[in-house]
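Student: I should like a close look at a single part of this protein, followed by a connected account of its surroundings. Please take the structure shown below as the basis.

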Amino acid sequence: MKITKIKGDITPEIASSFKNSIAIDTEATGLQIPERDKLSLIQICDEMENVFIIQPDKSNYKAPNLVSVLENDKILKIGHFLRFDKNALEYFLKCKLKNIFDTKIASKIVRTYTDMHGLKNLVQEFCNKSIDKRQGSSDWNKDIDELSDKQLQYAANDVIYLHKIKDNLEKMLIREKRIEIFNRCLEFLDTRVELDQKGFKEDIFEH
Ligand code: MN
């Protein structure tokens with residue numbers, strides 16, 4: 001694994017190096033987006049395990065090269081609990097996240113033998129590795145050059161296992177004949193995020 005730190009936007013060369021799929025995650029100052037919190041970091045891992053940690057310019061959030069990748073519907077974006085990241089990316093970068101695979105939704109639909117659907121649980125089951133999630137709550141607004149190696153490693157850990165997890169979950173979804181309902185859940189994510197943005201945080205289907 002190689003980590004590249006980037007300020008502002010990815011170069012056109014990096015953007016065009018992404019082919020079929022990328023894994024993506026974001027870090028923010030908190031969970032209340034957009035009312036209180038801001039998008040701090042965007043982590044991307046390509047199919048060759050190159051990791052890019054991008055610190056957007058918070059004065060304008062201009063990142064046209066990154067946006068071109070997010071909006072490219074030929075490049076699959078793999079994420080865990082994209083409800084959060086999609087909201088943050090679309091709100092701050094003013095874009096539309098197209099062609100997605102959510103490992104948390106996939107897990108909930110196909111791993112019915114457990115109620116443990118955290119990234120840590122999936123990394124353990126499919127990659128046989130134990131990741132430390134404690135570093136998650138930290139100051140991601142520091143200048144990217146001041147982030148500690150521990151923080152960088154944590155940020156990278158959130159994306160490097162996602163391709164493998166996705167491959168496993170997709171096989172299970174096909175095997176259990178739940179791939180179509182999974183795909184329809186992904187289509188609904190647009191609406192779910194819009195509900196979040198309009199202040200409907202609860203499950204509107206619940207009694
Ligand atoms: Mn993360």
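In which helix does Lys166 lie?

Tutor: Lys166 lies in helix H7, which covers residues 162-175. The model is a predicted one, and every statement that follows should be read with that in mind.

The first point about Lys166 is its cover. Its relative accessible area is 12%. Buried means under 20% relative accessible area, so Lys166, at 12%, is classed as buried. Once residues up to four places away in sequence are set aside, Lys166 touches Leu76, Ile78, Phe101 and Thr103. One of these partners, Phe101, can be placed in the strand order, since strand S6 spans residues 100-102.

The loop that precedes strand S6 deserves a word. It joins helix H3, residues 82-93, to that strand, and Lys94 is found in it. Lys94 has a positive phi of about 50 degrees although it is not a glycine. Its relative accessibility is 68%, and it therefore counts as exposed. The two lysines thus fall into opposite classes, because Lys166 is buried at 12% and Lys94 is exposed at 68%.

A second residue with this backbone feature is Glu49, which has a positive phi of about 65 degrees and is likewise not a glycine. Glu49 sits in the loop between S3 and strand S4, the latter running from 50 to 55. With 40% relative accessibility, Glu49 is counted as partly exposed.

Strand S4 also holds Gln55. Gln55 counts as buried, its relative accessibility being 7%. Although 49 residues separate Gln55 from Ile6 in sequence, their C-alpha atoms are 6.2 Å apart in space. Beyond its neighbours within four places in sequence, Gln55 is in contact with several parts of the chain: Ile6, Lys7 and Gly8, then Ser40 and Leu41, and finally Trp140, Asn141, Lys142, Asp143 and Ile144. Among these, Ser40 and Leu41 fall in strand S3, which covers 39-45.

Strand S3 is preceded by a loop that starts after strand S2, residues 21-28, and Pro34 is found in that loop. The peptide bond leading from Ile33 to Pro34 is cis, with omega near 10 degrees.

Helix H8, residues 179-197, supplies two further charged residues for comparison with Lys166, and Arg192 is one of them. Arg192 is buried, with a relative accessible area of 10%. Not counting residues up to four places away in sequence, Arg192 touches Arg83, Phe200, Lys201, Glu202 and Asp203. Asp196 is found in helix H8 as well, and at 8% relative accessibility it counts as buried. Leaving aside its neighbours within four places in sequence, Asp196 is in contact with Arg83 and Lys201. Arg83 and Lys201 are thus among the residues touched by Arg192 and are also contacts of Asp196. A distant pair gives a contrast: Arg192 and Lys74 are 118 residues apart in sequence, and their C-alpha atoms are 23 Å apart in space.

The cysteines may be treated briefly. A search of the whole structure finds 0 disulfides. Cys127 is in no disulfide, and the nearest cysteine sulfur, belonging to Cys45, is 11 Å away. A disulfide would require two cysteine sulfur atoms within 2.5 Å. Cys127 has a relative accessible area of 13% and is therefore buried, whereas Cys185, at 29% relative accessibility, counts as partly exposed.

These details can now be set within the whole chain. The protein chain has 8 helices and 6 strands, and along the sequence they follow the pattern β-α-β-β-β-α-β-α-β-α-α-α-α-α. Buried residues make up 49% of its 207 residues. Of the contacts between residues at least 6 apart in sequence, 66% join residues at least 24 apart. For 207 residues a compact globule would have a radius of gyration near 17 Å, and the value for this chain, 16 Å, agrees. The C-alpha atoms fill a box of roughly 45 × 40 × 35 Å along the principal axes.

The accessible surface comes to about 11000 Å², and 50% of it belongs to carbon and sulfur atoms. The chain carries 34 positive and 35 negative side chains, and the centres of the two sets lie 2 Å apart. To return to the residue of interest, Lys166 is a buried residue of helix H7, and Phe101 and Thr103 are among the residues it touches.

Technical notes. Residues are numbered from 1 along each chain as its sequence is written. This is a predicted model: local features need pLDDT of at least 70, side-chain atom pairs count only at pLDDT 80 or more; totals for chains, interfaces and linings use all residues. Side-chain values use heavy atoms; hydrogens and water are left out. Helices (H or I, at least four residues) and strands (E, at least two) are DSSP runs, numbered from the N terminus. The radius of gyration is taken over C-alpha atoms; the globule rule is 2.2 Å times the number of residues to the power 0.38. Buried means under 20% relative accessible area, exposed over 50%, partly exposed in between (1.4 Å probe, protein chains only). Contact means heavy atoms within 4.5 Å. Accessible areas come from the Shrake-Rupley method with a 1.4 Å probe; for residues, only the protein chains shown count as cover. Lys and Arg count as positive and Asp and Glu as negative; His and the chain ends are not counted. The place of a charge is taken as NZ of Lys, CZ of Arg, CG of Asp or CD of Glu.
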